[in-house]
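Trainee: I'd like a close look at one part of this structure, the place where the two chains meet. Could you walk me through it slowly?

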Amino acid sequence: MALKGIKVVEFAGLAPGPFAGLVLADNGATVFRIDKPFQSSSSDILCRNKRSLAINPKIPSGLDVLKKVVASSDVLIDPFRPGVMERLGLGPVVFLGENGKVGLNEKLIYARIVGFPRTGSHKDMAGHDINYLALSGILSMLPGSHNRPTFPLNLLADFAGGGLLCTLGIILALFERNSSGRGQVVNVDMVSGARYVSSFPLMHFLNPSTGTFAAKRGGNLLDGGAPFYNIYTCKDGAFMSVGCLEPQFFNTFIEHFIKALPSDFKQRYGWVPNSSTQFDRNTWPELKNFLELGFHTRTRDEWTAVFMDTDACAVPILTPEEASQMEESGQSVPLPHPRILSKMNGAAQVIDLVPIELPPGKHTEEILQELGLTDTEYQRLVQDGAIEGTRSKL
Amino acid sequence: MALKGKKVIEFAGLAPAPFAGLVLSDNGASVVRVDRPSASTLDVLCRGKRSVAINSKIPSGRELLKRLIASSDVLIDPFRPGVMERLGLGPDVFLGSSGLNQRLVYARIIGFPRTGPYKNMAGHDLNYLALSGILSMLPGSTDKPSFPLNLLADFAGGGMHSVTKILLALLERNENNQGQVIDVDMVSGTRYVSTSPLIHRLNPFTGRFAAERGANLLDGGAPFYNIYACRDGGLLTLACIEPHFFKIFIGRFLEVLPEYLVLSDEWREFPFIAAQADRKLWLKLKQLLTSGFSLRTRNEWADIFFGTDACCVPVLTPEEAALKLSSCTALVSDKEAGSCLLNPGRHTREVLTVELGLTENEYEKLVDEGAIGQC
């Protein structure tokens with residue numbers, strides 16, 4: 001695996017940090033999650049293949065050990081607000097050095113994920129995904145109700161523009177390190193990250209001459225304005241997705257759709273879609289109405305069969321459980337993706353059997369032993385309260 | 001820049017492929033987009049790229065493509081399974097035992113999984129979202145989920161994912177000097193990016209996504225993680241999930257609202273702090289917040305919560321967002337923005353003669369044969 005041998009220290013945090021750690025772990029890196037000791041549980045479920053080291057950096061002996069751990073690692077993931085790591089004595093300068101002062105680990109990739117831009121008016125404020133989406137400009141473009149957009153959970157800022165982008169930055173830095181021999185700081189903020197992932201719609205919006213996002217919210221090709229790029233409710237209350245943008249696909253869709261309608265539907269309705277007017281917006285309300293009523297005449301699975309093996313771009317909207325069943329592997333949880341073709345792992349990991357939670361501190365003893373701590377040093381940490389003694393024996 | 005000197009051939013396609021090419025270009029790679037001659041394009045993701053127009057139906061055009069790919073580091077193939085093979089440009093040609101470029105990273109991006117009932121069907125982002133399972137979890141109306149444009153499958157699960165894997169392959173190549181094939185499909189890619197909500201949904205004991213669509217913490221169910229309309233129609237986001245942030249928010253919110261409202265029976269008797277943790281009170285809390293927010297404009301509210309940990313910030317339009325960020329360090333490259341479209345074939349001559357080393361005669365021959373487009 002590409003990251004075999006790479007050691008990652010991920011300071012426990014919300015969403016983006018753990019997801020970056022997960023992607024690195026899925027690609028072979030050894031990832032330690034650093035937790036606070038004396039916590040009974042963590043709600044982090046993105047901990048596949050990670051180990052947990054619970055250690056208190058505010059205790060001097062704990063700080064020393066943490067510095068040692070980071071000094072012998074390749075990547076650090078810092079999810080805290082600006083200044084926190086510096087105040088703990090774990091800032092980038094300590095490891096990467098500065099102005100002639102040598103650092104403890106100048107090959108370290110120091111990845112920092114914050115929400116609001118690090119230089120900017122909101123940099124010290126707390127926030128979450130939906131706030132970062134708000135400042136990115138993309139939220140205002142998302143479809144929803146007539147007076148408000150809706151937001152796709154916390155996927156765009158936390159995961160796409162945060163965790164995944166951070167992973168990308170880390171890999172680019174590892175790549176550079178191969179030629180330069182040096183580490184660096186990688187800065188991600190989720191407002192900029194969400195914007196970057198949203199380059200396509202934002203650029204079209206700011207260049208209305210392209211026509212792709214020139215209408216108001218909800219009236220465009222890709223935001224629910226077009227009847228042929230939309231979601232329809234079927235007779236059984238389940239949904240079909242329709243995405244036939246290209247004229248030849250639209251033709252195919254209309255042909256199969258009409259053929260499948262009950263025989264009296266067309267007569268009662270008195271109007272049939274005309275493929276030559278696909279992009280005439282004046283016909284969109286009529287077409288949307290036709291499709292809505294038409295889709296209501298059959299169940300989702302019946303419609304699925306109608307369009308299967310065609311280029312109509314009409315497929316069912318599956319629940320998570322149904323989507324899991326479609327996984328070739330038979331595992332319910334998303335597998336690491338994509339798979340690399342030339343190196344298929346012998347025994348594919350059975351992800352369903354991996355517990356989704358990682359108790360804080362589960363591997364403290366093991367990890368400190370690997371680090372080369374003596375028993376005396378270990379006991380000292382317990383005495384100081386830097387780590388929790390008996391926990392890690394579980 | 002990290003990818004300086006790396007050469008990428010990106011066959012023109014929709015969304016995910018150009019976005020992958022864009023990210024590589026933004027990080028220093030030399031990206032050439034291969035267009036069909038006389039194609040038109042609305043591709044806006046072409047910053048820093050060059051375009052060659054080559055007709056793959058003409059034998060000398062195909063030979064030319066082979067040469068181009070053989071001298072590159074990365075190939076981005078956006079076509080349905082089998083297309084490249086039929087053009088004589090499949091992975092074996094380059095990575096096989098007598099392949100032309102065994103160091104090539106051959107990235108294939110498709111929509112539906114390569115093995116499975118949908119593999120030969122046409123589709124778009126919305127369809128891939130549909131099969132991923134995540135679309136059924138997205139908030140929208142009471143009737144149907146809503147979809148975030150084509151961001152999740154095309155860009156997050158498609159483009160971004162592909163780039164991540166391309167880079168990992170390049171890293172591996174540094175060790176073993178070998179290229180490889182990378183297969184991305186956007187159903188699986190979207191599922192991967194959506195790992196967290198999907199795991200929660202499939203493990204209801206965590207409580208995070210145990211309720212029906214629209215009634216959970218992060219999908220519009222919680223009043224303190226939501227969007228509110230203001231007096232002027234502007235919008236605000238509220239995201240004070242943590243109790244101490246909620247306390248800060250509510251304290252300030254009640255402080256600035258008019259007395260007649262805050263001292264009314266309805267408001268005075270409502271247990272705001274306790275309501276955060278009590279789902280039975282969420283509907284009422286949402287109503288109260290809705291009516292409170294509607295009393296002031298968006299910018300007034302933005303000012304009130306600015307500099308606090310209330311997690312309450314305004315929804316900006318794309319223009320406002322761009323203005324605001326112009327003073328901040330951008331994530332992206334220093335290559336100039338330029339015009340947003342790239343004419344197909346604009347750099348055909350340059351790339352072929354200067355880089356591939358074709359002579360003028362060879363170049364003219366290709367033009368005569370219709371193998372390349374004149375620009």
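**Where chain A meets chain B**

Mentor: Sure. Keep in mind that this is a predicted model. Let's begin with the polar side of things: 27 residue pairs, both partners at pLDDT 80 or more, are in polar contact across the interface of chain A and chain B. On chain A's side of that surface, helix 6 (residues 155-180) gives the most, with 14 residues. Sort chain A's side by class and you get 72 nonpolar, 36 polar and 19 charged residues.

Charged partners turn up as well, since the rule finds three salt bridges across the interface of chain A and chain B. One of them pairs the side chain of Glu321(A) with that of Arg201(B), at 3.3 Å from N to O.

Now for the overall extent. Chain A puts 127 residues into the contact, and chain B puts in 124 residues. Between them the two chains bury about 10900 Å², and 71% of that is on carbon and sulfur atoms. If you want names to click on, try Phe175(A), Tyr196(A) and His337(A): they supply 7% of the area that chain A buries against chain B, more than any other three residues.

Next, zoom in on one polar contact. Asp26(A) sits in helix 1 (residues 16-26) of chain A. With 6% relative accessibility, Asp26(A) falls under the 20% cut-off, so it counts as buried. Its side chain makes a polar contact of 2.5 Å with the side chain of Tyr192(B). Setting aside neighbours within four places in sequence, Asp26(A) touches Met1(A), Arg48(A) and Pro336(A) as well as Tyr192(B).

Follow that contact over to chain B. Tyr192(B) is one of the buried residues of helix 7 of chain B, a list that also has Met186(B), Val187(B), Ser188(B), Gly189(B), Thr190(B), Arg191(B) and Val193(B). That makes eight of the eight residues in helix 7 (residues 186-193) of chain B buried, so this helix is largely enclosed by the rest of the structure. At its N-terminal end, helix 7 of chain B is capped by Asp185(B), which has a side-chain oxygen 3.0 Å from the backbone nitrogen of Val187(B).

Finally, step back to place these residues within chain A. Its domain assignment gives domain 1 as 7-197 + 337-384 and domain 2 as 229-324. The C-alpha centres of these two domains of chain A are 44 Å apart.

Key. Residues numbered from 1 in each chain as written. Chains lettered and ligands numbered in written order. Predicted model: local features only at pLDDT ≥ 70, side-chain atom pairs only at ≥ 80, totals over all residues. Heavy atoms only, no water. Contact = heavy atoms within 4.5 Å. Buried area = accessible area lost by both parts, 1.4 Å probe. Salt bridge = Lys/Arg side-chain N within 4 Å of Asp/Glu carboxyl O. Polar contact = N/O pair within 3.5 Å; in protein donor to acceptor, adjacent residues only side chain to side chain. Helix = DSSP H or I, 4+ residues; strand = E, 2+ residues; numbered from the N terminus. Nonpolar A, V, L, I, M, F, W, Y, C, P; charged D, E, K, R; others polar. Buried < 20%, exposed > 50% of the residue type's maximum accessible area, 1.4 Å probe, protein only. Domains from an automatic or database assignment.
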